[in-house]
Amino acid sequence: MPAVTDHAQPLPNPVLRPLAHVRGRWQRWWQARLPRSDTLTLTQRNVYILPTRAGFMLAGTLLLLLVASINYQLNLGYLLTFLLGGSAIVSTYISHGTLRGLTLVLHPVEAHHADAPSKLRISLHNNRAAARYGIGLRIYGEDPHAPWVWCDVPGQGSTDTELVLPGLARGRHAVPMLTAETRFPLGIFRVWTLWRPAASVLVYPQAEALPPALPEGQAHSHGGNAARHVASSEFDGVRPYRRGDPLKSIVWKKAAKTDELVSRDSLQAQHFQLWLDLSKTQGASLEQRLSRLCAWVLQSEAQELDYGLRLPGLELPPEQGEMHKRKCLEALALY
């Protein structure tokens with residue numbers, strides 16, 4: 001089975017863009033040193049701060065005001081310069097404190113099919129009395145013009161937010177690096193952190209839109225001269241409910257439609273086994289064949305049939321239920 005896929009940005013061409021190539025190599029080395037964890041508590045060791053363009057413009061303006069105040073001996077100029085400078089210094093502490101002490105928690109990522117986006121649900125926990133404003137999250141390395149997901153975290157509370165990771169192929173993928181940022185309160189300092197979650201995303205094959213009928217059920221070796229059975233939209237081996245029948249043998253979908261309890265006839269059903277075999281599928285590529293098997297698994301589970309899965313080197317015996325369906329879909333995803 002394939003290993004977890006880690007989506008990393010390709011390095012620039014070292015001949016055409018040597019500086020960008022060196023910068024990319026350094027970023028990869030630095031990011032690889034970050035530990036993987038689904039819970040991250042932000043401290044002064046993993047929160048970074050630098051001035052923004054507005055911050056540099058403010059610094060230049062303050063320098064110009066100071067020179068003019070010294071040259072013309074303007075007391076009000078001194079007052080304005082030091083007032084703005086003091087406000088900038090205080091905003092440094094406020095900006096850094098907006099992220100410092102915050103705890104980020106990534107919830108387990110639900111498995112899904114290849115035709116659906118991956119949704120990353122993140123909780124931000126604030127253990128201090130003051131609220132935190134203007135916190136943005138996004139997937140690191142995306143288009144720099146892509147929008148951020150912004151939120152506020154109340155004092156002694158938490159906020160849930162969601163990031164969308166599109167375009168994942170079949171398989172198991174590592175959750176990419178995430179980043180959180182704030183420029184509160186004045187926008188003259190950018191405070192950010194980088195986060196490498198340990199979770200992974202399991203992506204099932206995309207189910208075939210119009211799959212053919214389910215394959216024929218194979219007779220047991222001890223089933224005598226029983227004829228071959230073709231799976232249909234209705235389970236043929238049913239009988240009226242008898243007192244003492246186990247709950248798992250009741251066909252609940254039929255009971256919901258007709259208000260009559262019916263049970264599977266185990267004596268009839270035990271003669272046949274429904275096997276979903278990769279070698280029996282047809283398709284131009286492996287992905288198309290796995291897509292058909294995925295559709296058959298969903299169809300068999302919807303009809304409450306006992307079905308098994310056969311892949312080269314793997315065989316799951318016939319069964320039914322949510323756990324069995326997930327085992328089959330996981331086997332298809334990781335094949």
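Q: Contact means heavy atoms within 4.5 Å. With that in hand, what covers the buried residues of α7?
A: This is a predicted model, and in it the cover over those residues includes strands β4 (112-113), β9 (171-174), β12 (200-204), β18 and β19 (314-319), along with helix α6 (286-302). The buried residues themselves are H324, K325, C328, L329, A331, L332, A333 and L334.

Q: How do you know that α7 has the length expected of a helix?
A: Helix α7 runs over residues 322-334, which makes 13 residues. The expected span is 1.5 Å times one less than the number of residues, and for α7 that gives 18 Å. From first C-alpha to last, α7 reaches 18 Å, close to what's expected.

Q: Why is α6 called roughly antiparallel to α7?
A: Their axes cross at roughly 180 degrees and come within 10 Å. Angles over 145 degrees count as roughly antiparallel, so α6 and α7 get that label.

Q: Which residues make that contact, and what are they like by class?
A: From α6 come L290, L293, C294, V297, L298 and E301, and from α7 come E322, K325, C328, L329 and L332. Sorted by class, that's 8 nonpolar, no polar and 3 charged residues.

Q: What makes G308 count as buried?
A: The bar for buried is under 20% relative accessible area. G308 has 0%, so it's buried. You'll find G308 in strand β18 (residues 307-311).

Q: What is G308 in contact with, apart from neighbours within four places in sequence?
A: G308 touches L274, W275, L276, L316, P317 and P318. Take P318: it sits 10 residues from G308 along the chain, yet their C-alpha atoms are separated by 3.8 Å.

Q: Why is the ring pair of Y48 and W192 called tilted?
A: A whole-structure search turns up 4 aromatic pairs. In the one formed by Y48 and W192, the ring centres are 5.7 Å apart and the planes meet at 45 degrees. Centres within 6.5 Å make a pair, while planes under 30 degrees count as stacked and over 60 as edge-to-face. An angle of 45 degrees fits neither, so this pair is tilted. The two rings come from distant parts of the chain, 144 residues apart: Y48 belongs to strand β2 (residues 48-51) and W192 to strand β11 (residues 189-195).

Q: Are Y48 and W192 buried or partly exposed, and how do you know?
A: Set them against the 20% line again. W192, at 13%, counts as buried, whereas Y48, at 24%, is partly exposed.

Q: What makes W148 and W150 a tilted pair too?
A: Their ring centres lie 5.8 Å apart, which is within the 6.5 Å limit, and their planes are at 35 degrees, so tilted is the right word. As for exposure, W148 at 22% and W150 at 46% both fall between 20% and 50%, so each is partly exposed.

Q: How do you know that the span of helix α3 agrees with its number of residues?
A: The 25 residues of α3 (residues 75-99) should span 36 Å, and the end C-alpha atoms are 37 Å apart, which agrees. After α3 comes G101, with a positive phi near 95 degrees.

Q: Which residues of α3 are buried, and what covers them?
A: They are G77, T81, G85, A88, S91, S95, H96, G97, T98 and L99. Their cover includes β2, α2 (53-72), β6 (132-139), β10 (178-182) and β11.

How values were computed:
Residues are numbered from 1 along each chain as its sequence is written. This is a predicted model: local features need pLDDT of at least 70, side-chain atom pairs count only at pLDDT 80 or more; totals for chains, interfaces and linings use all residues. Side-chain values use heavy atoms; hydrogens and water are left out. Helices (H or I, at least four residues) and strands (E, at least two) are DSSP runs, numbered from the N terminus. Buried means under 20% relative accessible area, exposed over 50%, partly exposed in between (1.4 Å probe, protein chains only). Axes are lines fitted to C-alpha atoms, for helices over the stretch in contact, and angles run from 0 to 180 degrees between N-to-C directions. Angles under 35 degrees count as roughly parallel, over 145 as roughly antiparallel, 65 to 115 as roughly perpendicular and the rest as oblique. Ala, Val, Leu, Ile, Met, Phe, Trp, Tyr, Cys and Pro count as nonpolar, Asp, Glu, Lys and Arg as charged, and the others, Gly among them, as polar. Rings of Phe, Tyr and Trp (its six-membered ring) pair if their centres lie within 6.5 Å; planes under 30 degrees apart count as stacked, over 60 as edge-to-face and the rest as tilted.
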